[in-house]
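Here are a few short exercises, each followed by a worked solution. Take a look at the model, try each task yourself, and then compare your steps.

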Amino acid sequence: MSVPLVVYDTMVFMQAAINPGRRYATFEAVEDGRLELCASPDLMAEVRDVLTRSSLAKRFTALTPERVAQFLGKANATATVFSAVPRAFSWPQHPDDDHLFNLAIHAKARYLVTWETRILKPATDTTPAAELLRQLAPDLAIITPKQLADLLRP
Amino acid sequence: MASAIPTTETPVTLRLSDRARAKLAEQAANSGQDISAVASDLIEHAVTQPSIDEIMAPVRKQVAESGMSDQELDDFLRSELEAHRREKKAKLS
């Protein structure tokens with residue numbers, strides 16, 4: 001049986017880095033081989049750019065660029081990185097999140113995991129864009145980290 | 001890398017899934033090394049490098065000491081992500 005592929009959004013990565021209480025089973029499931037993490041240069045660059053913003057470093061001085069690089073190095077080492085992700089889909093209300101949907105489509109991911117209502121919305125929406133997403137990724141489930149943890153529970 | 005420091009031959013028997021075996025073979029083919037060398041590097045790295053929890057422990061300590069609730073921290077991170085995206089867009093336009 002193949003291991004399900006999963007895409008975590010930028011917030012899930014950031015929570016895994018600094019607030020493990022909110023990550024549920026997301027990264028543990030990747031580390032113990034129950035899920036295979038998919039990443040892209042766009043996603044990893046966004047996580048890096050936000051975690052190294054001066055406002056974060058000012059509030060949490062231990063969040064140094066070196067530490068962020070180490071964190072991303074570990075995450076990259078456990079992920080399958082898709083370097084060229086075609087732009088097959090755009091979510092008109094929030095095109096900033098397109099890179100996540102396109103990664104999930106290209107990787108044929110089983111799960112896109114997010115806390116964000118705007119990213120969860122296409123799963124239940126009936127707009128043409130949401131219908132297109134379901135056509136492009138018929139097996140994709142867009143769920144929260146908590147829902148993922150419930151699914152993974154034996 | 002394992003080869004840059006003194007090493008000792010350590011016979012082990014690996015029990016791998018088909019998937020792990022295929023990935024190991026793929027990495028070996030891509031790097032021009034044999035499977036033993038790739039497996040040695042991976043084990044060396046796994047047991048000597050700090051885990052994500054160890055790397056991020058000082059940051060998490062500061063977060064805990066800040067007194068921010070999970071929701072406040074989420075809101076803060078979300079606002080930083082939104083600010084980053086706004087700035088990126090402004091640079092591109």
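**Exercise 1.** Decide whether A:Asp9 is buried or exposed.

*Solution.* A:Asp9 has 25 C-beta neighbours inside 10 Å, so it counts as buried. (A residue is buried if 20 or more other C-beta atoms, placed from the backbone, lie within 10 Å of its own, exposed if 12 or fewer, and partly exposed in between.) A word on the material: this is a predicted model, in which local features need pLDDT of at least 70 and side-chain atom pairs count only at pLDDT 80 or more, while totals for chains, interfaces and linings use all residues. Residues are numbered from 1 along each chain as its sequence is written, and chains are lettered from A and ligands numbered from 1 in the order in which they are written.

Next, place the residue: A:Asp9 sits in the loop between β1 (5-8) and α1 of chain A. (Helices are DSSP runs of H or I with at least four residues, strands runs of E with at least two, numbered from the N terminus.) Leaving out residues up to four places away in sequence, A:Asp9 touches A:Leu100, A:Val113, A:Thr114, A:Glu116 and A:Ile119. (Contact requires C-beta atoms, placed from the backbone, within 7 Å.)

**Exercise 2.** Classify B:Leu14 as buried or exposed.

*Solution.* First find B:Leu14 in the segment before α1 (18-31) of chain B. Then count: 11 other C-beta atoms lie within 10 Å, so B:Leu14 is exposed.

**Exercise 3.** Describe how α5 (65-78) of chain A packs against α3 (52-66) of chain B.

*Solution.* Two packed helices are described by the angle between their axes and the distance between the axes. Here the angle is about 155° and the axes are 10 Å apart. α5(A) and α3(B) are therefore roughly antiparallel (angles over 145 degrees; under 35 is roughly parallel, 65 to 115 roughly perpendicular, the rest oblique). Now list the residues: A:Arg67, A:Gln70, A:Phe71 and A:Lys74 meet B:Ile52, B:Ile55, B:Met56 and B:Val59. By class, this contact has five nonpolar, one polar and two charged residues. (Ala, Val, Leu, Ile, Met, Phe, Trp, Tyr, Cys and Pro count as nonpolar, Asp, Glu, Lys and Arg as charged, and the others, Gly among them, as polar.)

**Exercise 4.** How many residues of chain A are in contact with chain B, and which element gives the largest share?

*Solution.* Start with the totals: 25 residues of chain A contact 18 residues of chain B. On the chain A side, α1(A) gives the largest share, five residues.

Terms used:
Axes are lines fitted to C-alpha atoms, for helices over the stretch in contact, and angles run from 0 to 180 degrees between N-to-C directions. Two residues are in contact if their C-beta atoms, placed from the backbone, lie within 7 Å.
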